[in-house]
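Q: Could you take a close look at one part of this protein with me? I'd like to see how a single residue sits in its surroundings.

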Amino acid sequence: MNVSTFPNNRPAPGHLAIIMDGNGRWANQRGLPRTEGHRQGAKALRRAVEAACRFGIRTLTVYAFSSDNWKRPKTEVQALMLLFRKFLMSEVAGCVREGIRLSVIGRRDRLSEHLIPLIEDAERETARGERLHLRLAVDYSSREAIVRAAATARTHEEFSAALGPDVDLLIRTAGEQRISDYLLWECAYAEMVFLPEYWPDFDEKLMASAINTFAARERRFGGLVQPMSRASS
Ligand code: IPE
Ligand code: IPE
Ligand code: MG
């Protein structure tokens, strides 16, 4: 599928954000440990990145680990950090090849010291990617990001630059309809699509259907939508 097949000839969202939820429930349903759900979730992330490239999305921001996720059992946190590390080690070459710029947003001071150089290398090696900007949110809290940006920025532009672009479409999987401290400022006018499927089942078809829903929505940004006849005169 290409961009022109979306309803109303609308382009794909420029900035797609995803709350990748439901790994634990996916595993529970199969009698598997939660960590197996996270392992399959990492595979789903690879599929999502490929699909985002194909659909012409410019920025993809995914919620991988929230600052509140530190409350989970130590073994689960360790498993998630190991997957993050593996993702960084295995994906950088492919990102460079495909023109994907990789960034990590969130706090770094609580991450293992082994992760920091991996993150920095990945960001440096992929810095010239122009096809897609993939942003991984790790130890991320939007409230905290806002407070930090407000403390350092001197102008509105600097504040916006410190946070990142506005979100066009926010997808959350696994049926929960909440934001969980994700991109609060950036989602001011985001369209939201909540999918019942668990994250490990996410694929290109589900992304296409969410983008179709997005493309069929009328975004007003507080203004009025011009009737078609008048818009063309
Ligand atoms: C999302 O899946 C992954 C992370 C939060 C790290 P969950 O682990 O939240 O899965 P559920 O919500 O318990 O099913
Ligand atoms: C949000 O999911 C964080 C990530 C997907 C990484 P949670 O599963 O942690 O959120 P709540 O607890 O259901 O709000
Ligand atoms: Mg969850």
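In which loop does T126 lie, and what surrounds it there?

A: Happy to! Please keep in mind that this is a predicted model. T126 lies in the loop that links helix 4 (115–125) to strand 4 (132–140). To place that loop in the whole, the protein has eight helices and six strands, and from the N terminus its elements follow the order β-α-α-β-α-β-α-β-α-α-β-β-α-α.

Now to the residue itself. T126 has a relative accessible area of 2%, so it counts as buried, the cut-off being under 20%. Leaving aside residues up to four places away in sequence, T126 touches V92, C95, V96, I100, R101 and L102. One of these neighbours, L102, also has a polar pairing with T126: a polar atom of the T126 side chain lies 2.9 Å from the backbone nitrogen of L102.

Stepping back to the whole chain, 47% of the 233 residues of the protein count as buried. Among the contacts with a separation of 6 or more, 77% join residues 24 or more positions apart. The radius of gyration is 18 Å, which agrees with the value near 17 Å for a compact globule of 233 residues. The C-alpha trace spans about 60 × 50 × 35 Å along its principal axes.

As for the surface, the protein exposes about 12500 Å², with carbon and sulfur atoms supplying 51% of it. There are 34 positive and 29 negative side chains, and the centres of these two sets lie 2 Å apart.

Notes. Residues numbered from 1 in each chain as written. Chains lettered and ligands numbered in written order. Predicted model: local features only at pLDDT ≥ 70, side-chain atom pairs only at ≥ 80, totals over all residues. Heavy atoms only, no water. Helix = DSSP H or I, 4+ residues; strand = E, 2+ residues; numbered from the N terminus. Rg over C-alpha atoms; globule rule 2.2 N^0.38 Å. Buried < 20%, exposed > 50% of the residue type's maximum accessible area, 1.4 Å probe, protein only. Contact = heavy atoms within 4.5 Å. Areas by Shrake-Rupley, 256 points an atom, 1.4 Å probe, with all protein chains shown as cover. Lys, Arg positive; Asp, Glu negative; His and termini not counted. Charge placed at Lys NZ, Arg CZ, Asp CG, Glu CD. Polar contact = N/O pair within 3.5 Å; in protein donor to acceptor, adjacent residues only side chain to side chain.
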